[in-house]
Amino acid sequence: MTRSFSVNWDYRCPFARNAHEHVLAGLRAGADWDVRFLVFSLEQAHVEEGGTPVWDEPHRHPGLTANLAGVVVRDHDPEHFLTVHEALFAARHDQALDLRDRAVLAKVLDDAGIDGAGVLSEIDAGWPLDVLKAEHTESVQELHAFGVPTFITPGASVFVRLMHRPAGDGALGTSTVERVLDLMEGFPELNEFKHTTILR
């Protein structure tokens with residue numbers, strides 16, 4: 001039976017990278033999931049209450065550009081989204097590239113098989129920022145989301161930190177995500193479970 005869930009992202013977060021790699025590995029291995037990927041802004045999440053939203057401050061928009069590129073590909077070229085999604089996380093966390101730099105971002109997109117200049121043109125058109133604002137605001141107001149990655153199922157939303165990466169192992173990716181979903185759906189009484197030290 002197909003499991004449907006959503007998971008949010010911001011390319012700046014290494015824990016989002018870990019979780020999304022598990023989701024991607026599972027999907028590529030044929031996991032029977034219907035996944036909705038939602039964009040989120042950690043920059044906006046850190047704005048103090050009553051402060052000016054990041055989407056109203058153009059000088060802060062470079063910090064949003066990678067997320068906006070993800071929105072463009074997700075909505076206009078979905079067959080390439082998983083590849084681009086993974087590439088943007090890798091560029092930020094494995095290669096330590098500055099995705100605020102439009103030339104760097106365009107090259108990452110080009111290398112992932114997408115027209116980087118074309119994606120930047122769509123970003124400049126303004127609509128991806130409207131999508132980011134709408135999805136972020138909805139998740140905060142309706143789900144009380146505060147960070148990434150947040151997994152969302154009907155009736156539940158849970159912030160998750162996975163400490164390991166699947167390294168392309170589809171079985172591991174699938175089992176890891178299934179464990180998260182099983183806890184969300186089967187044990188909602190567990191509100192917080194956090195190791196006091198990092199187990200290595």
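This is a walk through the structure above, from its overall build to a few individual residues. Please keep in mind that the model is predicted.

Let's begin with the whole chain. The protein has 8 helices and 4 strands, and along the sequence these elements follow the order β-α-β-α-α-α-α-α-α-β-β-α. If you trace the pattern in your viewer, you will pass a run of helices in the middle before reaching the strands E3 and E4 and then helix H8.

How does the radius of gyration of the protein compare with that of a compact globule? A compact globule of 200 residues would be expected to have a radius of gyration near 16 Å, and the value for this protein is 17 Å, so the two agree. Along the principal axes, the C-alpha atoms fill a box of roughly 45 × 40 × 35 Å. Of the 200 residues, 46% count as buried. The accessible surface comes to about 10,700 Å², and carbon and sulfur atoms account for 52% of it. As for contacts, among those with a sequence separation of 6 or more, 73% link residues 24 or more positions apart.

Now let's turn to helix packing, with helix H3 as our guide. Helix H3 covers residues 65-76 and packs against helix H6, residues 116-125, at an angle of about 105° with the axes 9 Å apart. Angles of 65 to 115 degrees count as roughly perpendicular, and H3 is therefore roughly perpendicular to H6. On the H3 side, the residues involved are Thr65, Leu68, Ala69, Val72, Val73 and His76, and they meet Val119, Leu120, Glu122 and Ile123 of H6. Sorted by class, this contact holds 7 nonpolar, 2 polar and 1 charged residues.

Helix H3 also packs against helix H7. Here the angle is about 95°, with the axes again 9 Å apart, so H3 and H7 are roughly perpendicular to each other. From H3, the contact draws on Leu68, Val71, Val72, Arg74, Asp75 and His76, while H7 brings in Trp127, Pro128, Leu129, Val131, Leu132 and Glu135. The residues of this contact divide into 8 nonpolar, 1 polar and 3 charged. Leu68, Val72 and His76 of H3 take part in the contact with H6 and also appear in the contact with H7.

Moving on from H7, which spans residues 127-143, we come to the loop between H7 and E3. The backbone here deserves a look. His144 lies in this loop and has a positive phi of about 60° although it is not a glycine. Is His144 buried or exposed? Its relative accessibility is 60%, and His144 therefore counts as exposed. Pro149 is found in the loop as well, and a cis peptide bond, with omega about -5°, joins Val148 to Pro149.

Strand E3, residues 150-153, includes Ile152. With a relative accessible area of 11%, Ile152 is buried. Which residues does Ile152 contact, once its neighbours within four places in sequence are left aside? They are Phe5, Ser6, Leu38, Leu143, Ser157 and Met184. The pairing with Phe5 is a nice one to inspect: Ile152 and Phe5 are 147 residues apart in sequence, yet their C-alpha atoms are 5.6 Å apart in space.

Further along, Ala167 sits in the loop between strand E4 (156-159) and helix H8 (170-186). Ala167 is another residue other than glycine with a positive phi, near 50°. Ala167 is exposed, its relative accessible area being 76%.

We finish in helix H8, with two of its residues. Thr176 lies in H8 and is buried, with a relative accessible area of 8%. Apart from residues up to four places away in sequence, Thr176 touches His22, Leu162 and His164. Leu183 is also found in H8, but Leu183 is partly exposed, at a relative accessible area of 43%. Not counting residues up to four places away, Leu183 touches Pro188 and Leu190. A separation of 9.8 Å lies between the C-alpha atoms of Leu183 and Val158, which are 25 residues apart along the chain.

Methods. Residues numbered from 1 in each chain as written. Predicted model: local features only at pLDDT ≥ 70, side-chain atom pairs only at ≥ 80, totals over all residues. Heavy atoms only, no water. Axes fitted to C-alpha atoms, helices over the stretch in contact; angles between N-to-C directions. Helix = DSSP H or I, 4+ residues; strand = E, 2+ residues; numbered from the N terminus. Parallel < 35°, antiparallel > 145°, perpendicular 65-115°, else oblique. Contact = heavy atoms within 4.5 Å. Nonpolar A, V, L, I, M, F, W, Y, C, P; charged D, E, K, R; others polar. Rg over C-alpha atoms; globule rule 2.2 N^0.38 Å. Buried < 20%, exposed > 50% of the residue type's maximum accessible area, 1.4 Å probe, protein only. Areas by Shrake-Rupley, 256 points an atom, 1.4 Å probe, with all protein chains shown as cover.
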